[in-house]
Amino acid sequence: MMNEEKLQDHSYRKAVLAYVKKKYHTKEDYPFKRDEVSAVLRHEDNKKWYGLLMDVEGAKLGLPMEGSVSMINVKISDQMFHDILVQQEGYFPAYHMNKRAWITILLDGTVPFEEICNMIDASYEATVSPKKKRKSNSPANLHIPRT
């Protein structure tokens, strides 16, 4: 993984994009007109989303700040795990998506980069096509984050 001290501001975003490109051969998609920042991460075969990168006003996440923060939404298939995560610093109920099935993770250094990658991996597995799921013999690697 990358050295977190070197990751600041949009560097986490760039690191996430490099990670999914290398591991999943995903090139981000910018499907929203007049929005050159919000990027969708989707499976090549079934086109399902497994991530959404956005910049959002911190206040919309309940943060006591002005200005925007970079974040990623990822899918969580286990409700209990979801409920544990949103109690951790840097995790929120999903912004602008189904709050029961997705979570928002800040990309500002609050959550370690390795943990973000684990959550991306879990989201990828949760949204994989049934055909690919059958081929996979290993369950998604879900790691309970630090407390």
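## Exercises on a predicted model

Ala122 sits in helix α3. The model is predicted, and the exercises below start from this residue.

**Exercise 1.** Classify Ala122 as buried or exposed, and state how far Ala122 is from Lys75 in sequence and in space.

*Solution.* Begin with the accessible area: the relative value for Ala122 is 6%. Buried means under 20%, so Ala122 is buried. Next take the C-alpha atoms: Ala122 and Lys75 are 7.6 Å apart in space, with their positions 47 residues apart in sequence. Lys75 in turn has Trp102 in β5 as its bridge partner.

**Exercise 2.** Classify Asp121 as buried or exposed, and find which residues Asp121 contacts once neighbours within four places in sequence are set aside.

*Solution.* First place the residue: Asp121 belongs to helix α3. Its relative accessible area is 13%, so Asp121 is buried. Then list the contacts outside the local stretch: Tyr19, Lys23 and Tyr24.

**Exercise 3.** Determine which strands pair with β3 and in what direction they run.

*Solution.* Take the pairs one at a time. β2 and β3 are antiparallel and are joined by seven bridges. One position to inspect is Glu57, which stands opposite Ser68 of β3. β3 and β5 are also antiparallel, with five bridges between them. Finally, check how covered the strand is: six of the eight residues of β3 are buried, so that β3 is mostly covered.

**Exercise 4.** Describe the largest nonpolar core: which residues touch the most other members, and which element gives the most to it?

*Solution.* The largest nonpolar core holds 27 residues, and those touching the most other members are Ile72, Ile105, Met119 and Ile120. Two or more residues come from each of α1 (11-24), β1 (39-42), β2 (49-57), β3 (68-75), α2 (79-85), β5 (102-106) and α3 (113-126). Of these, α1 gives the most, namely seven residues. Another core, of 14 residues, lies apart from this one; among its members are Val40, Phe92, Trp102 and Leu106.

To look at one member in detail, take Ile105. Leaving out neighbours within four places in sequence, Ile105 is in contact with Ser70, Met71, Ile72, Val74, Gly90, Tyr91, Val111, Ile116 and Met119.

**Exercise 5.** Locate Pro112 relative to the secondary structure, and give the separation of its C-alpha atom from that of Gly90.

*Solution.* Pro112 is in the loop that lies between β5 and α3. Its relative accessible area is 22%; because partly exposed covers the range between under 20% and over 50%, Pro112 is partly exposed. Along the chain Pro112 and Gly90 are 22 residues apart, and their C-alpha atoms are separated by 9.6 Å.

**Exercise 6.** State the volume of the largest pocket and the make-up of its lining by class.

*Solution.* The volume of the largest pocket is about 170 Å³. Twelve residues line this pocket, and the closest to its centre are His25, Thr26, Arg42, His43 and Glu44. Sorted by class, the lining comprises seven charged, three polar and two nonpolar residues.

**Exercise 7.** Summarise the protein as a whole: how many helices and strands are there, and in what pattern do they follow along the sequence?

*Solution.* Count the elements: there are four helices and five strands. Read along the sequence, they give α-β-β-β-α-β-β-α-α. For burial, 43% of the 147 residues count as buried. For contacts with a separation of 6 or more, 52% are between residues 24 or more positions apart.

Methods
Residues are numbered from 1 along each chain as its sequence is written. This is a predicted model: local features need pLDDT of at least 70, side-chain atom pairs count only at pLDDT 80 or more; totals for chains, interfaces and linings use all residues. Side-chain values use heavy atoms; hydrogens and water are left out. A nonpolar core is a set of buried Ala, Val, Leu, Ile, Met, Phe, Trp, Tyr and Cys residues joined through side-chain atoms within 4.5 Å. Buried means under 20% relative accessible area, exposed over 50%, partly exposed in between (1.4 Å probe, protein chains only). Contact means heavy atoms within 4.5 Å. On a 1 Å grid over the protein atoms alone, a cavity is a set of points where a 1.4 Å probe fits but cannot get out, and a pocket is an open set with protein on both sides within 12 Å along at least five of seven lines; lining residues have an atom within 4 Å of a point. Grid points are joined across faces, edges and corners, and a volume is the space filled by probe spheres set on the points. Ala, Val, Leu, Ile, Met, Phe, Trp, Tyr, Cys and Pro count as nonpolar, Asp, Glu, Lys and Arg as charged, and the others, Gly among them, as polar. Two strands pair if DSSP finds at least two bridges between them.
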